[in-house]
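Hi,

Here is the structure I promised to pass on. Have a look at it first, and then read my notes below.

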Amino acid sequence: MTDYAEEQRNELEAIESIYPDSYTVLSEKPISFTINVTSDAAENGETVEATLKFTYVEKYPDEPPLWEIHDQENLEDSDMGEIFTLLQQQADENLGMVMIFTLVTAVQDKLNEIVDLMKNRREEEKRRIDEEEEEAEKVAFQGTVVTIENFLAWRGKFELEMAELRSKRQKEEEQAGKIKLSGKQLFETDHNLDTSDIQFLEDTGNNVEVDESLFQDIEDLDLDEDDPDFDPLAMGSDED
């Protein structure tokens, strides 16, 4: 007949000597204790940790102990799920034998794997970021290749923006009273300008009189416009 209590006491003595700094007894009935397991340090000093809690059942080691992750550091949920699966697998393979050291060793190896995976994930992420930055620099340096399609699209957009800008500016000038009309536009909009100069002179008492005798009747002029040597300016000089 198997003396389960004796086997459990003997294993506890061995565990205490193997893990003196990480083994802690929680209770004696039922026997429950924790063992803190830490991975080897990565290059940057980072580690992952798991505090395993074990509780003996009455017929241990013919039946597996109860276990749980009492505490952890830097472990993701997926990592914890893999650890539980590993513990179950190891327990099934070691039924009938004391197995705490085997279970803890398996978890220790798993934590070391997780640290290596974390390192690989960081390196992969850094490589991805570097590639994206390098690609962005290439695009910035090369610029956009001009094609007929994107040029026409750009020109259409530019012309639309300019039309909107001109319309906006015109509205602003109209509101500010800054519209300046040309001379033609002034006469077209205000017919009083036709006689404004004469009216101004009359209002100031400066009447303008024209001596018609100073002007020769155009019918008395002997003009031969068909003559290639005809010079209207020379007519005045001949009379002198």
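Of the 240 residues in the chain, 21% count as buried. Do keep in mind that this is a predicted model. The secondary structure adds up to seven helices and four strands, and if you read along the sequence you get the pattern α-β-β-β-β-α-α-α-α-α-α. Among contacts with a separation of 6 or more, 49% are between residues 24 or more positions apart.

Let me start with α1. Its 15 residues should span 21 Å at 1.5 Å a residue, and the end C-alpha atoms are indeed 21 Å apart, so the two agree. The buried residues of this helix are Gln8, Glu11, Leu12 and Ile15. Seen down the axis of α1, they fall within an arc of 105°, so they line one face of the helix. The face turned away from that buried side carries Glu13 and Ser17, which are exposed.

One residue of α1 I looked at separately is Glu7; the helix covers residues 4-18. Glu7 has a relative accessibility of 30%, and because buried means under 20% and exposed over 50%, it counts as partly exposed. Leaving out residues up to four places away in sequence, Glu7 touches Thr2, Pro61 and Val98. There is also a long-range pairing to look at: Glu7 and Met97 are 90 residues apart along the chain, and their C-alpha atoms are separated by 9.2 Å.

Pro61, one of those contacts of Glu7, sits in the loop between β3 and β4. The peptide bond joining Tyr60 and Pro61 is cis, with omega about 15°. A cis peptide bond also joins Lys29 and Pro30, where omega is about -5°. Pro30 is in the loop between β1 and β2.

Glu58 is in the loop between β3 and β4 too. Its relative accessibility is 69%, so it counts as exposed. Not counting residues up to four places away in sequence, Glu58 touches Tyr4 and Gln8. The C-alpha atoms of Glu58 and Ile31 are separated by 9.5 Å, with their positions 27 residues apart along the chain.

Gln8 and Ile31 come up again in the largest pocket. Which residues lie nearest its centre? They are Gln8, Glu28, Lys29, Pro30 and Ile31, out of 14 residues that line the pocket. The volume is about 230 Å³. Both α1 and β1 (23-28) supply at least two residues of the lining. By character, the lining divides into nine nonpolar residues, two polar and three charged. So that you can place the cis bonds: Lys29 and Pro30, joined by one of them, are both in that central group.

Now for α2, residues 77-93. With 17 residues at 1.5 Å each, the helix should span 24 Å, and its end C-alpha atoms are 25 Å apart, which agrees. Buried in α2 are Asp79, Met80, Ile83, Leu86, Leu87, Gln90 and Ala91. These cover an arc of only 130° around the axis, which puts them on the same side of the helix. Asp77, Thr85 and Glu93 are on the other side of α2, and they are exposed.

Two loop residues are left. Asn74 is in the loop between β4 and α2, and its phi is near 70°, a positive value in a residue other than glycine. Is Asn74 buried, exposed or partly exposed? With a relative accessible area of 37%, Asn74 is partly exposed.

Thr47, in the loop between β2 (31-38) and β3 (49-55), is one of the residues that Asn74 touches. Thr47 has a relative accessible area of 19%, and because the limit for buried is under 20%, it counts as buried. Leaving aside neighbours within four places in sequence, Thr47 is in contact with Thr38, Ser39, Asp40, Ala41, Glu73, Asn74 and Val115.

If you open the model, I would start with the pocket and its central group, including Gln8 and Pro30, and then turn to Thr47 and its contacts.

Cheers

Technical notes:
Residues numbered from 1 in each chain as written. Predicted model: local features only at pLDDT ≥ 70, side-chain atom pairs only at ≥ 80, totals over all residues. Heavy atoms only, no water. Buried < 20%, exposed > 50% of the residue type's maximum accessible area, 1.4 Å probe, protein only. Contact = heavy atoms within 4.5 Å. Expected span 1.5 Å × (residues − 1). Arc of directions from axis to C-beta. 1 Å grid on protein atoms, 1.4 Å probe; cavity = no way out; pocket = protein on both sides within 12 Å on 5 of 7 lines; lining within 4 Å. Points joined across faces, edges and corners; volume = space filled by probe spheres on them. Nonpolar A, V, L, I, M, F, W, Y, C, P; charged D, E, K, R; others polar.
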